[in-house]
Amino acid sequence: MNSLRTISTTAMTLLLVAAAHAQPSLIAPDAIFLSGSTDTVDIAITNAPIDSAFTGVDLFVKYDSAVATAGAVITDGTATDGWTLASNVVDVGGGFKELRISMASSDSLNVPVSGTLVRLEFTVATAITPTSTPLEFPLAELNETARDTTTGSISIGGVTSVLSL
């Protein structure tokens, strides 16, 4: 019985240590837009330590340009509210584009462990059949250190068609 308790206690301790040392990561959601609409996608940050002192973000978001067109990069009301921002869109071939974002501040990231890092505006194509594009991160750095990411997507929903007999 004591060995089982020891194993259980050791396992719990290791889980707590792993959780305490979890690294920050960036996550794109799976979003659904109405055909031909403009909306935003929240890029989330998770596991950011309260004392992180992150003052720089570099982020490339790759998407299919036949499905979506990148618009504004919005920091208002996010963890990077008030930061200096530069962004541009680059054609990377194969019908894909990258929205390249660089942000910096003398104040550290304002996020309590997890929250919205930045909001990205996209306009989607007018489609007669459902379609989607992945939102991938070819580059995701906080203070010039690569971070784990989770790919999301934009799907065009609300597609209607006319049936003729």
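Two strands count as paired when DSSP finds at least two bridges between them. With that in hand, the sheet in this predicted model is easy to walk through, starting at one edge. Strand S5 and S8 run antiparallel and are joined by 5 bridges. Within this pair, Ile74 has Arg119 of S8 as its bridge partner. Arg119 turns up again on the way to the next strand, since it also stands opposite Asp42. Strands S3 (residues 38-48) and S8 (residues 113-124) are likewise antiparallel, with 9 bridges between them.

Put together, 5 strands line up as S5-S8-S3-S1-S11 in an open sheet with mixed pairing. The edges belong to S5 (68-74) and S11 (148-150); each has a single partner strand, so one side of each lacks a neighbour in the sheet. From one strand to the next, the twist averages 25°.

The parallel part of the picture comes from S1 and S11. Strand S1 (residues 25-27) pairs with S11 in the parallel sense, over 3 bridges, and here Leu26 sits opposite Thr149 of S11.

Ser25, also in strand S1, is worth a closer look. Its relative accessibility is 12%, so Ser25 counts as buried, the cut-off being under 20%. The side chain of Ser25 makes a polar contact of 2.8 Å with the side chain of Thr46. Leaving aside residues up to four places away in sequence, Ser25 touches Ala44, Ile45 and Thr46, as well as Asp148.

Key
Residues numbered from 1 in each chain as written. Predicted model: local features only at pLDDT ≥ 70, side-chain atom pairs only at ≥ 80, totals over all residues. Heavy atoms only, no water. Helix = DSSP H or I, 4+ residues; strand = E, 2+ residues; numbered from the N terminus. Axes fitted to C-alpha atoms, helices over the stretch in contact; angles between N-to-C directions. Buried < 20%, exposed > 50% of the residue type's maximum accessible area, 1.4 Å probe, protein only. Polar contact = N/O pair within 3.5 Å; in protein donor to acceptor, adjacent residues only side chain to side chain. Contact = heavy atoms within 4.5 Å.
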